[in-house]
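Reader: I'd like to go through this fold with you, strand by strand and then into the core. Could you keep it casual?

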Amino acid sequence: MSSPTGPASGLPVRMPRPRQAGRHRRPEPLAAPEGAPALVLAVPGTPSAATRSLAEEVVSIARSELPGLDARIGYLDGDDEFPSLQSVLAHAAEERTARFEQARAAGSDVSEPDGPVGIVVPLLAGPDNALLRRIRQAVMESRVAAELTDVLGPHPLLAEALHVRLSEAGLARADRARLFTVATAADGIVLATVGGEEAVQAAGITGMLLAARLAVPVMAAALDEEGSIAAIAEQLRGSGSQQLALAPYLIGPELDAGLLDAAAKEAGCSAAEALGPYPAIGKLALAQYTTALGIAPPQTQGAPAF
């Protein structure tokens, strides 16, 4: 039984391990620099409870990877319940000014803060120029110094996420290292995205990584272009694939309701879920933030086969 001052006599006391010296020393854990700008996740689409839950999970993952991170959520179509991107940036600027004035009033010798108030990371797997224009416009309208990063893909971790979503739907083997089959596994994948030809080309890069994981052909198509999904499905069938699957190269909020189901029905195949708050999404959002700051991000390269 423990006493008020420590363990009872005879019980071992856990002591901190001394830091290992030399080149095998463990690196110091990465933490957000003091006074660093906020990571502001720009969420497209119509706000909802589900969208908020997804965005909160993404920023939670980012915070767990970088202790001390100031991460916020701004909605492209915000309202009284869901704060707009402009209002989130403006609030971050007000808080930074208040901290500076408080420090100066306390007699601290501090310089007036400069640099961006926030690093805006679009919650998009691929380049949707229409949405990116709106995000850029919202940043300008905030009249706050902020930096807008690239979208999250293409990246090997997104290929991993697509693989997981397909396996969850019973459309791919969960582990290619084990010698078992799934009766419903697809022998051809239509990778669905939105945002036009540029988005399709970007999705195709991740699609090549997915094809290497699954050892089946993967072709990208645009959900927002009429007939595109069906045309790619026919092309895959023409090359020998018989059992197709639709894999959304989309996180979720940017996807119009019913669009995925309609495309799957048109192509005559089953569909996996959107990427959602898969851990890779939070890690890639953080990687865009740390790259913008010029600091080393947590490890995001080389998603391993599983």
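Author: Sure. One definition to start: two strands pair if DSSP finds at least two bridges between them. And keep in mind that this is a predicted model.

Reader: Which residue of β7 does Val190 stand opposite?

Author: Start with the strands: β5 (residues 188-193) and β7 (residues 244-248) pair in the parallel sense. They do so over five bridges. Follow the ladder to Val190 and the residue opposite in β7 is Leu246.

Reader: And on the β6 side, which residue stands opposite Leu191?

Author: β6 covers residues 218-222 and runs parallel to β5, with five bridges joining the two. Ala192 of β5 stands opposite Ala221 there. For Leu191, the residue opposite in β6 is Ala220.

Reader: What is the strand order in the open sheet that holds β5 and β7?

Author: Four strands make up this open sheet, with parallel pairing. β6 and β8 (270-271) are the edge strands, each pairing on one side only. Reading across, the order is β6-β5-β7-β8.

Reader: What handedness does the unit of β5, α5 and β6 have?

Author: The path leaves β5, goes through helix α5 (residues 196-214) and ends in β6. A crossover counts as right-handed if the path runs clockwise with the strands pointing away from the viewer. This β-α-β unit is right-handed.

Reader: How many of the residues in β5 are buried?

Author: Look at both faces of the strand: Gly188, Val190 and Ala192 point one way, while Ile189, Leu191 and Thr193 point the other. Both sets are buried. Helix α4 lies across β5 and β7, at about 130 degrees to β7, and helix α6 (residues 228-238) lies across β5, β6 and β7, at about 160 degrees to β6. The count of buried residues in β5 is six of six.

Reader: Which helix gives the most to the largest nonpolar core?

Author: That core has 53 residues, and Leu41, Leu166, Ile189, Leu191, Leu210 and Ile281 have the most contacts inside it. Take Leu210: setting aside neighbours within four places in sequence, its contacts include Ala159, Leu162, Leu166, Ile189 and Leu191. With seven residues, the helix that gives the most is α4 (residues 156-168).

Reader: Now the other sheet. Why is one side of β2 and of β4 left without a neighbour?

Author: Four strands form this open sheet in the order β2-β1-β3-β4, with parallel pairing. β2 (71-75) and β4 (146-148) stand at the edges, so one side of each is left without a neighbour in the sheet; the reason is that each has a single partner strand.

Reader: By how many degrees are neighbouring strands of this sheet turned against each other on average?

Author: The sheet in question is the one ordered β2-β1-β3-β4. Ignoring direction, the average turn between neighbouring strands is 30 degrees.

Reader: What is the bridge partner of Leu41 in β2?

Author: Strand β1 (residues 38-43) runs parallel to β2, and five bridges join them. Helix α1 (residues 49-65) packs on this sheet and touches both strands. In β2, the partner of Leu41 is Ile73.

Reader: Last one: which geometry does the aromatic pair of Tyr75 and Phe82 have?

Author: Tyr75 and Phe82 are both buried. Their rings lie 5.2 Å centre to centre, with 75 degrees between the planes. Planes over 60 degrees apart count as edge-to-face, so the pair is edge-to-face.

Note on methods: Residues are numbered from 1 along each chain as its sequence is written. This is a predicted model: local features need pLDDT of at least 70, side-chain atom pairs count only at pLDDT 80 or more; totals for chains, interfaces and linings use all residues. Side-chain values use heavy atoms; hydrogens and water are left out. Rings of Phe, Tyr and Trp (its six-membered ring) pair if their centres lie within 6.5 Å; planes under 30 degrees apart count as stacked, over 60 as edge-to-face and the rest as tilted. Buried means under 20% relative accessible area, exposed over 50%, partly exposed in between (1.4 Å probe, protein chains only). A nonpolar core is a set of buried Ala, Val, Leu, Ile, Met, Phe, Trp, Tyr and Cys residues joined through side-chain atoms within 4.5 Å. Contact means heavy atoms within 4.5 Å. Axes are lines fitted to C-alpha atoms, for helices over the stretch in contact, and angles run from 0 to 180 degrees between N-to-C directions.
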